[in-house]
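Q: I'd like a close look at one part of this model, please, taken step by step. Could you keep it friendly and explain the terms as you go?

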Amino acid sequence: MRPASIRLRAGVVSLVILGLFLGAWQLAVGGSVATQQMDPEYAKLMGVSATQGKSAMPGPLDVGRTIWGHLRDPFYDRGSNDKGIGIQLAHSIARVALGFSLAVLVAIPVGFLIGMSPLMSRALDPFIQILKPVSPLAWMPLALYTIKDSGISAIFVIFICSLWPMLINTAFGVAGVRREWLNVARTLEVGPLRRAFTVILPAAAPTILTGMRISIGIAWLVIVAAEMLVGGTGIGYFVWNEWNNLSITNVITSILTIGLVGMVLDQLLAWAQRLVTFPE
Amino acid sequence: MSAVDDRLISIEGIAKRYPAPGGGETTIFSDLWLRVGRGEFVCVIGHSGCGKTTVLNILAGLDAPSGGAVVVDGREIAGPSLDRAVIFQGHALLPWKTVLGNVAYAVSSRWRRAPAAEVEARARAAIAKVGLAGSENKRPSELSGGMKQRVGIARALAIEPKILLMDEPFSALDALTRGTLQEEARRLCRETGQTVYMITHDVDEAIYLADKIVLMTNGPGARIAEIVENPLPPDRRQGEIHHDPNYYALRNHLIDFLVSRSTTFRDNPPAGWTAKNPPVVRPGGAAEARPRPLREGEVDRRQAAAG
C-alpha cells in the first residue's frame, strides 16, 4: 500500500486537532456551575451564569449560529452601532489598503535612494533607527491633533507602521543588486532611470515584496487596535463594541474573521512574491 | 596622438594604484603600453593578481586608471561604451529575463529607437549564430553553463561592437564544452573580423585563439614582458595544432614564461627592454622544429630577426 501523500495526512491531522479542540470547548462550557440563592433583582444583573449554572462563555455551536447569521446578512446597516460584519471589514480593509499604498509610494522611492547612495544611507539611518521601534499607536494623539480627523488618523497610523519594513527591505534589496548585473547595464550604456526599472527593480523585487508582506501583516495587526481607539467603524471598533455589549460570540466571530482576512492578505502578497521571484 | 593607422586600441602608460593598508600605495601595474590592431585577436596571460582583469575593466570603462590613458579608435575613452562589449567570466545574464529577453535588452540598448520587431529579429539572429535557436524562451536557470556563456556571446555580438572584451570566458566550463565554445568563438570572430581582447590563464586556449599573446609579469608592479606572435597558420584546427612544427616552441615559450620568467622579469628585465615598446617575439620558425627553451637575453636577438 502506498502511503498517502503528506498533504493528505497533514489535512487529516488538522481535522482531528480541530475536532478535539471543538469537543473540549463544548465540554468545557456545557457543564454547570453551582447556582446561588440571591435576591431576584441582583440575579437579573448577574445574568444566566449565576442563576441557571450555565457558562457565560458560548460554546462552538453558539458561535457557529452567530457566524451563520453574519454570513447570511453581512452588509446590513441599522445605525451607527449596528452594522453588518461585512461593512466593518470593508472599512478596515479600505483603511489598510489606503495607508499601505501610501507607504508603498514613499518607501520604495526612498528605499531606492538609500540603497543607491551610501551618503543618504548613512544620513537617514539615525532617523530610521529611532522612528522604527516606535509603536504606531504612539503616533495616534499627534495624528488626531494635527489631522483632526479620526478616520484619516487611522490611515496615517497604518501608513507609518507599514513604512519601515518596506523601506528597510527596499534599501537592502537595492544595495544588494549584483555588481555584474549593474556592469551589464553600464557596458550597454543604459541610463540611470532605465537601469533602475530594468535591472535594479527586478533584481530587488523579491526582497521588496518580502518587506511588503511583513508590512501588510503589521498593518492588519495595528488596524484593530487603531480602530478600537478611534471608533466609529471597522472590525476593531466592532470587537470593542461587542465587548461592551457582552456578546462573546460576536467577539469570537470577529477574532476568526480577523485571522481569515489576515491570512488572505498575506497569501495575496505571497502570490505576488512568487510572480517576481526568479531562479538563479 | 595623431594615430591614423590600423591601431584600434592604444593603451598609453596606464597605471593602477590602491592605498596600501598602513599608508602608502600599492602599485598593481604602472607604465603599461599596448597597441591592438583592428581585427586582431589578442590574449593576455599572466598569473592571478597581475592586474589583467583590471586592465580589461579599464578598457571596458568599468574602472578608471590611476594614470595614463586608453585611446580607442582615436579617442580617449571615458567610461563604458556600446563600442566595447564585454563577455563576463560568470556570464552575468539577467536571470529574470529569457534568453531572447537578455539578448534583446542589449539590442534595444544599442538601437534605442528601433521598432520591437527589428530588435527581436536581431536578437533571434544573434541567438541562432551561437547555435541556440529554439531556446529563445528559456530562462538562464534552465540552461547549462556552456549554453549560458553562448547567450553571453550572443548578447555581446548582437550589438556589433568594435571591440570584444572577454574575461576568462570559458574558465568555468568543462573541457569538452570549452573546446567547442573556443572553436565557435574563433569562427565567429574570424567571420566578422572582430577585434578581441581576451584574458586567459589557459596556455592552449591562447595558442588556439590568439594572433598575439601578451605576457604579463606577476604583480604588484606588473609589466608587459613581451608580445608573442602566434606562428601557427590562421586556418588552424583545434584538434590538430599540436602537430604543427611550431606548436611546442610556442607552448614551451609560454610555459617557461609563466613558470619562471614571470617572477624574475620585474627585477631583471632584459637589456634594452622598455615599457613603451615591449619586444615582439615569434617562437619557432623554420630553422628550429623543437627549440630548447629560450633564455633571457635571447629575446632581443629574436625580436631583431622577426621585426
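Into which domains is chain B divided, and which residues belong to each?

A: Happy to help! This is a predicted model, where local features need pLDDT of at least 70 and side-chain atom pairs count only at pLDDT 80 or more, while totals for chains, interfaces and linings use all residues. Residues are numbered from 1 along each chain as its sequence is written, and chains are lettered from A and ligands numbered from 1 in the order in which they are written.

Chain B has domain 1 (7–83 + 162–306) and domain 2 (93–160); such bounds come from an automatic or database domain assignment. Between the C-alpha centres of domain 1 of chain B and domain 2 of chain B there are 29 Å. Eleven residues of domain 1 of chain B are in contact with twelve of domain 2 of chain B, contact meaning that the C-beta atoms, placed from the backbone, lie within 7 Å. On the domain 1 side, helix H5 (residues 175–192) of chain B gives the most, with five residues. Helices (H or I, at least four residues) and strands (E, at least two) are DSSP runs, numbered from the N terminus. That side of domain 1 of chain B has nine nonpolar residues, one polar and one charged. Here Ala, Val, Leu, Ile, Met, Phe, Trp, Tyr, Cys and Pro count as nonpolar, Asp, Glu, Lys and Arg as charged, and the others, Gly among them, as polar.

Now for helix H2 (99–110) of chain B. The axes of H2(B) and helix H3 (residues 116–129) of chain B come within 9 Å and cross at roughly 120°. Axes are lines fitted to C-alpha atoms, for helices over the stretch in contact, with angles running from 0 to 180 degrees between N-to-C directions. H2(B) is therefore oblique to H3(B): angles under 35 degrees count as roughly parallel, over 145 as roughly antiparallel, 65 to 115 as roughly perpendicular and the rest as oblique. The crossing is right-handed, meaning that the near helix is turned clockwise from the far one by less than a right angle.

Among the residues that meet are B:Val103 and B:Val107 in H2(B), and B:Ala123 and B:Ile127 in H3(B). This contact divides into nine nonpolar residues, one polar and three charged.

H2(B) also faces the other chain. The contact between the chains takes 17 residues from chain B and 15 from chain A. Strand S6 (84–87) and helix H2 (99–110) of chain B each give two or more residues to the chain B side, and H2(B) has the largest share, three residues. The chain B side has 13 nonpolar residues, four polar and no charged.

How values were computed. Contact = placed C-beta atoms within 7 Å.
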